[in-house]
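User: I would like to go through a structure with you, beginning with how far it can be trusted. Could you load it first?
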Number of protein chains: 4
Amino acid sequence: MTFAESPVVTFEVDHEGDPHDLVYTLGGAEARASLVPGSILDTSTLDCFAGKVTSVHDHVSEVCDPRCLNPQTGPFYIEGAEPGDTLAVHFAKIEPRNTFGFSTSVPLFGSLTATGFTAMLHQPLPEMTWRYDLDLEARTVRYEARESEAFYTLPLDPMHGTVGVAPALNEARSSLTPGDWGGNMDTPEMRVGTTCFLGVNVEGALFSFGDGHARQGEGETCGVAVETAMDSVLVIDLIKGGPRTAWPRLENDRDIMTTGSTRPLEDAFRISQVEMVHWVSELTGLSMMDAYQFVTQAVESPIANVVDTNYTVVAKMKKAYIPGCNPMGGIHERLKQLGAAYLASLT
Amino acid sequence: MTFAESPVVTFEVDHEGDPHDLVYTLGGAEARASLVPGSILDTSTLDCFAGKVTSVHDHVSEVCDPRCLNPQTGPFYIEGAEPGDTLAVHFAKIEPRNTFGFSTSVPLFGSLTATGFTAMLHQPLPEMTWRYDLDLEARTVRYEARESEAFYTLPLDPMHGTVGVAPALNEARSSLTPGDWGGNMDTPEMRVGTTCFLGVNVEGALFSFGDGHARQGEGETCGVAVETAMDSVLVIDLIKGGPRTAWPRLENDRDIMTTGSTRPLEDAFRISQVEMVHWVSELTGLSMMDAYQFVTQAVESPIANVVDTNYTVVAKMKKAYIPGCNPMGGIHERLKQLGAAYLASLT
Amino acid sequence: MTFAESPVVTFEVDHEGDPHDLVYTLGGAEARASLVPGSILDTSTLDCFAGKVTSVHDHVSEVCDPRCLNPQTGPFYIEGAEPGDTLAVHFAKIEPRNTFGFSTSVPLFGSLTATGFTAMLHQPLPEMTWRYDLDLEARTVRYEARESEAFYTLPLDPMHGTVGVAPALNEARSSLTPGDWGGNMDTPEMRVGTTCFLGVNVEGALFSFGDGHARQGEGETCGVAVETAMDSVLVIDLIKGGPRTAWPRLENDRDIMTTGSTRPLEDAFRISQVEMVHWVSELTGLSMMDAYQFVTQAVESPIANVVDTNYTVVAKMKKAYIPGCNPMGGIHERLKQLGAAYLASLT
Amino acid sequence: MTFAESPVVTFEVDHEGDPHDLVYTLGGAEARASLVPGSILDTSTLDCFAGKVTSVHDHVSEVCDPRCLNPQTGPFYIEGAEPGDTLAVHFAKIEPRNTFGFSTSVPLFGSLTATGFTAMLHQPLPEMTWRYDLDLEARTVRYEARESEAFYTLPLDPMHGTVGVAPALNEARSSLTPGDWGGNMDTPEMRVGTTCFLGVNVEGALFSFGDGHARQGEGETCGVAVETAMDSVLVIDLIKGGPRTAWPRLENDRDIMTTGSTRPLEDAFRISQVEMVHWVSELTGLSMMDAYQFVTQAVESPIANVVDTNYTVVAKMKKAYIPGCNPMGGIHERLKQLGAAYLASLT
């Protein structure tokens with residue numbers, strides 16, 4: 001397979017410019033470029049601090065403007081996309097631009113602290129910053145403790161925390177929030193080899209993404225992953241019409257996945273599971289009750305985030321459990337091959 | 001290693017008797033037998049229906065007495081156990097007694113339906129029963145649809161849903177409920193090769209277990225796994241004194257794990273993560289904030305159940321990420337070898 | 001009306017004895033006395049500290065045994081009570097035994113702090129104790145600040161936080177927990193003039209009560225009301241058979257009320273509202289959907305507690321809105337008159 | 001007092017026009033008019049159906065465009081308003097324009113049904129519409145059952161469900177959602193005689209309001225109140241600088257009130273209570289812990305809504321409990337008198 005008929009769009013991002021010139025909402029921003037379906041998008045993303053955290057002595061509350069957190073690359077206007085269509089976005093490459101990443105605690109943010117929503121009378125936990133060295137050869141990240149001399153090594157596992165389209169109802173939502181439009185889902189499943197399906201709410205879809213993580217645990221416990229700027233290649237396609245994709249779906253070579261993003265966490269779980277029951281029913285012809293039963297025994301349910309303004313849960317089903325299924329018309333396999341062909345052409 | 005000094009306790013369970021003679025609470029029941037620490041317990045458990053579901057035409061609401069759901073094997077009085085100690089229970093064998101299992105829907109029970117607590121005005125979903133054939137050679141379970149002709153095959157993965165001790169404060173809790181005493185956590189991690197650590201609340205601990213599942217998905221979505229009677233071998237030991245085990249911990253060869261069981265689901269997540277932060281801090285010497293940061297990037301967070309009277313979330317950390325750590329004094333490795341030696345002696 | 005045919009049971013409580021001799025669970029304790037339906041019960045209750053907090057210098061964590069919090073008066077075996085019956089308990093008198101009350105903060109307890117369930121990494125809030133002077137003539141309580149010289153006066157409004165029967169499923173539940181058996185609901189509606197209806201789960205019902213508050217706000221924000229020992233007179237009756245009272249109901253001269261106790265708080269709300277929809281439907285003959293609509297416009301929904309192991313919400317409906325209704329067969333009016341006649345006889 | 005120096009702004013709303021010309025977001029819409037602080041705003045609002053429900057045979061899902069629910073009057077640009085300021089809005093008049101109102105059930109919306117967020121496998125509850133006759137002389141609304149011949153009478157109690165400003169972070173939020181910007185809080189406290197305080201997030205504040213209810217219960221159980229178009233008079237003022245109003249506050253002659261709007265419901269409660277603790281501390285000089293204690297005994301905590309995309313809880317404190325307090329510099333009293341003088345001038 002070649003990507004000969006796939007337009008390649010190279011979109012330059014200014015990593016040194018004024019953060020106020022960047023985009024921080026899904027919806028509410030003008031398109032920065034247009035793509036035709038089937039395009040390969042070769043671009044990059046800033047880290048969630050807009051590059052303002054540069055050492056362990058930088059505190060988010062001091063060096064970042066609260067209006068300039070989690071800048072997005074985009075939005076991109078997808079030619080021909082209309083409400084009810086489904087956008088397919090395959091991640092062919094997500095590679096750290098630098099050999100370091102930062103994580104931080106942020107006052108009144110995170111899952112094990114009082115927050116502005118889980119409001120309490122406690123003083124905030126200490127504000128601290130950690131630097132990680134990324135070994136792009138060995139594919140590791142190195143954790144370094146701040147209050148002792150300890151080091152630990154974890155696998156590099158690059159991903160994008162924020163992937164989405166403009167929301168419905170003329171809403172513009174902060175890039176810090178996930179929902180049925182995607183957004184800041186913060187699931188480690190959004191790694192290379194994954195295709196993300198997003199229901200289109202507005203003409204042109206207005207796709208954007210960002211928030212690269214060199215890795216994160218499930219739940220993103222303290223609220224901040226190993227944050228890094230990324231060089232990323234995406235293959236973007238459009239499924240016209242068909243059943244509406246109510247909540248973001250993911251697919252990789254092993255699994256189909258559904259997501260739910262809301263509060264409380266059990267409702268995020270419920271959404272992801274109802275979506276999986278319906279998807280399995282569609283793929284297999286099982287009745288709703290039969291699919292409910294089958295999913296009960298087969299599903300994996302990793303938590304994505306319990307820190308953002310909505311919490312996210314993922315439901316996963318191995319494709320091997322439903323032999324012969326052809327999710328979303330096989331688009332994942334096709335986009336994966338296009339991406340591979342493009343990347344091969346570069347070397 | 002041999003188990004020469006380990007007493008072997010064979011505890012017979014009457015699988016054909018009157019369900020009303022069985023035990024359905026943790027706490028509030030007299031000990032059925034005594035064990036010394038270090039014992040090997042060779043016994044069995046009924047399924048959660050007390051064996052009353054025998055075909056797909058049996059509905060739980062018709063064939064089961066609601067007071068006779070989820071019978072427990074035990075309680076066992078552990079000699080020398082006192083409040084503040086920690087009980088260690090290693091699962092050396094969990095093997096289905098039969099070549100079939102059943103799952104059901106239950107009116108107003110499950111995660112994707114109105115319940116007695118998430119009270120609504122809907123009519124209950126249909127009540128149905130599914131039979132699974134277990135292939136103990138191929139290590140598979142076979143799902144058979146009820147409303148079409150479909151079959152699917154899933155891996156056999158036997159486990160115990162309910163494992164616990166008597167609660168604190170003189171409480172007696174239904175075996176349908178999980179909490180800090182263990183109980184009905186319904187995590188698939190409670191499989192062969194796992195050691196479960198439980199804080200002791202009363203003299204003798206009063207350990208019991210049951211609720212065998214041939215397998216289950218994460219979340220136990222419809223509320224009922226592939227329910228089966230089990231033949232099980234446990235190695236039971238006692239850690240005297242030491243830091244109190246506030247919530248059940250698990251360990252296997254790959255991971256250390258913590259659990260939280262409460263509602264809403266984010267609080268179950270919070271408990272499991274706070275416990276993991278503290279455990280990692282103890283094992284590594286990292287400060288609390290340093291451990292919070294490290295756990296954020298390293299933890300896996302699978303949901304266990306979103307159906308029981310409390311919901312359960314697990315936090316997992318690969319032991320390989322913290323080289324040289326020696327969780328709970330190495331008791332997992334020791335009990336594993338004792339169990340293996342005992343099982344080898346039988347063949 | 002007289003109470004001539006009503007047996008008067010005077011039950012002495014030892015306010016100076018060993019707290020370990022008292023009862024701290026609903027279920028799991030032997031009956032301390034028997035009553036026939038229709039009895040007048042003249043007795044008293046200790047405060048939730050079992051009398052151990054006697055000055056602002058006493059901290060709960062230092063002076064109280066955690067196993068000895070919230071002692072109950074009872075349990076009382078109600079002759080003839082069987083599962084499925086409904087117990088009716090009218091509060092004719094709830095009067096502070098002393099002219100003072102205490103409130104406290106308790107580490108990791110309360111709604112605006114991390115707790116053992118809403119687990120976080122914060123240090124506990126400061127532990128403090130406040131003394132209130134009760135003016136039983138003026139019917140006021142006097143708040144006195146601890147960290148400044150301020151005083152404020154609030155109305156005296158005595159009530160019982162804990163009222164319940166033994167739970168179902170052979171459970172024994174701490175008197176700190178509310179649920180469908182009643183227990184620690186902590187609603188200020190449980191004042192003089194109120195009749196509480198409780199579904200019976202075990203033979204004899206095993207009714208108990210305690211946790212007198214000179215007053216409390218809605219939600220019991222910090223977790224502790226103005227705690228006082230009480231002299232109380234109750235009129236107790238039994239409704240044989242009939243529709244099961246699934247969750248505690250209350251009635252006074254103005255309102256009918258339903259309660260829900262669970263987590264999260266929206267589920268406690270849902271329970272109370274579903275119960276109200278069904279009760280209004282029974283009282284009026286409205287269909288379920290018509291009652292749902294009517295309740296939507298007419299109900300009041302005060303929060304009771306957001307601090308206990310389950311949260312409690314109350315739904316209230318003015319009886320004047322449904323003219324001619326006769327809740328629970330008019331038992332409230334009858335018990336109210338019996339209580340008044342008994343109290344009149346004492347003076 | 002006169003309103004001689006108060007500009008009177010009469011803002012005409014087209015009640016017969018195309019619903020697509022109206023505004024359905026807070027933020028994201030151009031100002032329709034400008035006001036100077038101190039203005040009297042005499043205007044009207046459409047009902048939440050944009051007038052499209054006109055008989056009990058009209059179903060929302062059939063007659064309403066989902067993009068055209070809950071139209072707002074405004075937004076109004078308030079001259080001189082800057083982020084950090086506080087807008088004060090006093091409701092001097094809220095009077096139904098018609099002698100009827102409608103309520104409905106809406107599929108998968110409401111607190112006692114599965115929804116898009118509390119996702120389940122149930123079929124929706126029946127869709128129905130109820131008409132209420134409003135007697136503006138007797139000040140009553142008349143409920144009429146749909147499935148029997150019953151009628152009930154409830155007090156007329158007009159209010160606005162939606163009152164707010166543009167959100168922070170460049171967000172545009174649906175008028176169906178409440179949050180720290182106000183919006184669809186759906187509290188019956190937003191009646192005549194109430195002043196609402198809103199923190200300003202953007203230049204000009206961009207105030208709007210709507211969603212008139214002839215009355216509603218607390219919680220808005222089925223999701224829809226007695227919906228009516230309103231003629232309303234507001235007095236609008238601006239508090240420059242000062243401590244930021246983080247969440248909407250209300251004041252009437254009896255109470256000060258705080259609000260919290262989020263999920264789960266306990267977090268909405270927590271926000272409202274933390275805000276009340278801080279407000280009482282400011283008004284009295286009590287320390288935080290002393291205020292926490294005082295609020296615990298004094299607060300009322302009515303639920304506002306458990307149906308919208310965020311849930312809302314109100315905390316209320318009688319001003320009589322803190323004698324001599326002067327909330328928000330006494331602006332409530334001043335705006336109340338301005339409103340009364342204006343209304344008197346019309347008759």
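Analyst: The following exchange covers confidence, chain contacts, helices, sheets and backbone geometry.

User: What sort of model is it, and how is everything numbered?
Analyst: It is a predicted model, in which local features need pLDDT of at least 70, side-chain atom pairs count only at pLDDT 80 or more, and totals for chains, interfaces and linings use all residues. Residues are numbered from 1 along each chain as its sequence is written, while chains are lettered from A and ligands numbered from 1 in the order in which they are written.

User: What are the mean pLDDT of chain A and the model scores?
Analyst: Chain A has a mean pLDDT of 97, and 100% of its residues reach 70 or more; pLDDT is the predictor's confidence in each residue, from 0 to 100. The model has an ipTM of 0.98 and a pTM of 0.98.

User: How is chain A laid on chain C?
Analyst: A turn of 180° with a shift of 0.0 Å along the axis lays chain A on chain C with an RMSD of 0.0 Å (least-squares superposition on the C-alpha atoms of residues with pLDDT of at least 70 in both copies). The two copies are thus related as by a two-fold rotation axis.

User: How many residues are in contact between those two?
Analyst: On chain A, 8 residues are in contact with 8 residues of chain C, where contact requires C-beta atoms, placed from the backbone, to lie within 7 Å. The chain A side divides into 6 nonpolar, 2 polar and no charged residues. In this classification Ala, Val, Leu, Ile, Met, Phe, Trp, Tyr, Cys and Pro are nonpolar, Asp, Glu, Lys and Arg are charged, and the others, Gly among them, are polar. Of the interface residues of chain A, 100% are also interface residues in chain C, so the copies meet through the same surface.

User: And which elements of chain D supply the side that touches chain C?
Analyst: There, 54 residues of chain D are in contact with 55 residues of chain C. On the chain D side, β10 (151-155), α2 and α3 each supply at least two residues, and α3(D) gives the most, with 9 residues. That side divides into 29 nonpolar, 16 polar and 9 charged residues. As to the element names, helices (H or I, at least four residues) and strands (E, at least two) are DSSP runs, numbered from the N terminus.

User: Back to chain A. At what angle do α2 and α3 cross?
Analyst: In chain A, the axes of α2 (residues 265-284) and α3 (residues 288-298) cross at roughly 115° and come within 9 Å. Axes are lines fitted to C-alpha atoms, for helices over the stretch in contact, and angles run from 0 to 180 degrees between N-to-C directions. The crossing of α2(A) and α3(A) is right-handed, meaning that the near helix is turned clockwise from the far one by less than a right angle.

User: Which residues make that contact?
Analyst: From α2(A) they include M276(A), V277(A) and V280(A), and from α3(A) they include A291(A), Y292(A) and F294(A). The contact residues divide into 8 nonpolar, 3 polar and no charged.

User: What about the pair in chain D?
Analyst: Helices α2 and α3 of chain D pack at an angle of about 115°, with their axes 9 Å apart, and this crossing is right-handed.

User: Now sheets. What is the strand order in chain D?
Analyst: An open sheet of 6 strands in chain D has the order β3-β5-β16-β11-β14-β13, with mixed pairing; two strands pair if DSSP finds at least two bridges between them. At the edges stand β3 (33-35) and β13 (178-179) of chain D, each with a single partner strand, so one side of each is left without a neighbour in the sheet. Within this chain, β11 (residues 159-164) and β16 (residues 207-213) run antiparallel and are joined by 5 bridges. G164(D) has S208(D) as its bridge partner in β16(D).

User: In which sense do β1 and β4 of chain B pair?
Analyst: Strands β1 (residues 8-10) and β4 (residues 39-45) of chain B pair in the parallel sense over 3 bridges, with T10(B) opposite D42(B). By contrast, β4(B) pairs with β17 (residues 230-239) of chain B in the antiparallel sense over 7 bridges, and L41(B) has L234(B) as its bridge partner.

User: Last topic: is the peptide bond from R263(B) to P264(B) cis or trans?
Analyst: That bond from R263(B) to P264(B) is cis, with omega near -5°. P264(B) lies in the loop between β19 (255-262) and α2 (265-284) of chain B. A cis peptide bond also joins R263(C) and P264(C), with omega about -5°. Separately, A205(B) is not a glycine, yet has a positive phi of about 70°; A205(B) is in the loop between β15 (195-199) and β16 (207-213) of chain B. For context, most residues other than glycine have a negative phi, and most peptide bonds are trans.
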